[in-house]
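Q: Please take a close look at one helix of this structure and explain carefully what its residues do there, for someone who has not met the structure before.

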Amino acid sequence: MPQNNGSEGIRLIVVDAGHGGKDPGAVGPNRVYEKNVTLALAKELAKALREKMGVKVLLTRSTDRFLELRERTNYANRVGADLFISLHANASPRGKAYGVETYFLNLSKNNQAAQVAARENGTDLKEVGNLEAILFDLMANAKINESSRLAAEVQQSIVAGLRPHYSKIKDLGVKQGPFHVLLGATMPSVLVEAAFISNAREEKRLKSSAYQKRVANAIVKGIMNYAESVNQVARR
Ligand SMILES: [Zn+2]
């Protein structure tokens, strides 16, 4: 692939495999662990980013090890990442829930987003409330507009990339939430919920390397579209 693809401004991307080690994340009805799916997906995404965009990629973890949430963005800040992509699988007490959604950090008045954030944060809803106060400070440094745009491109690309290959790909859209794992990041950052591991059909997809590759390639496409749109805005 040519290097001149609109991604000149993006040199280093940190890819974060959600959960790990003693934290399995969500567990599917057939015992697929979120932490294993996110790691496999992170490795596919790193490979695809290097091949298609020619960028440098670092993983927050490349083995099944535990990492505190704040260590993940701290790492991205420390290495000077231009983007931070956190990978997850969704879960719902309603086994039938399914679909793809992408989040960026923002104050959330949306109860459902707060619930997803509470689960991913390993906290309860009260703490999500407390978090909002802290967020006001951190928001000043967060790249909210860029993150929102990146989330939109990534979400759109995943849905478009999966629909030709799978039935029932539901676009749950871009949402905002108080995610610990995105807190403190000083670069555009998004959290992708690649499917519902609590849904047996999507659990099966999540553990297949074909689905992982398709999601990874679609995220790359979304990032390239984002890079192009940012460059175009900058040139005006
Ligand atoms: Zn998760």
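A: Within helix α1 of this predicted model, K47 and E51 stand 4 residues apart, which is about one turn of the helix. The side chains of K47 and E51 meet in a salt bridge, with 3.9 Å from N to O, and K47 is partly exposed, its relative accessible area being 44%.

Another lysine of helix α1, K35, takes part in a salt bridge with D64, at 3.1 Å from N to O. This second pair links distant parts of the chain, since K35 belongs to helix α1 while D64 sits in the loop between β2 and α2, 29 residues apart. The two partners can be set side by side: K35 counts as buried because its relative accessibility of 10% falls under 20%, whereas D64, with a relative accessible area of 42%, is partly exposed. A search of the whole structure finds 7 salt bridges.

The zinc ion also has a donor in this part of the chain, for α1 spans residues 34-53 and E34 (OE) is one of the donors that coordinate the ion, together with H19 (NE2), H88 (ND1) and E120 (OE), at 2.0 to 2.5 Å.

Helix α1 has a share in the largest nonpolar core as well, being among the elements that each supply at least two residues. Of the 50 residues in this core, L49 and I223 touch the most other members, and α7 gives the most to the core, with 10 residues. The residues that I223 touches include L49 and M53, along with I10, I13 and L83.

Note on methods: Residues numbered from 1 in each chain as written. Predicted model: local features only at pLDDT ≥ 70, side-chain atom pairs only at ≥ 80, totals over all residues. Heavy atoms only, no water. Donors = N, O, S within 2.8 Å, 3.2 Å for Na, K, Ca; no water. Core = buried A, V, L, I, M, F, W, Y, C linked by side-chain atoms within 4.5 Å. Buried < 20%, exposed > 50% of the residue type's maximum accessible area, 1.4 Å probe, protein only. Contact = heavy atoms within 4.5 Å. Salt bridge = Lys/Arg side-chain N within 4 Å of Asp/Glu carboxyl O. Lists of a residue's contacts leave out its neighbours within four places in sequence.
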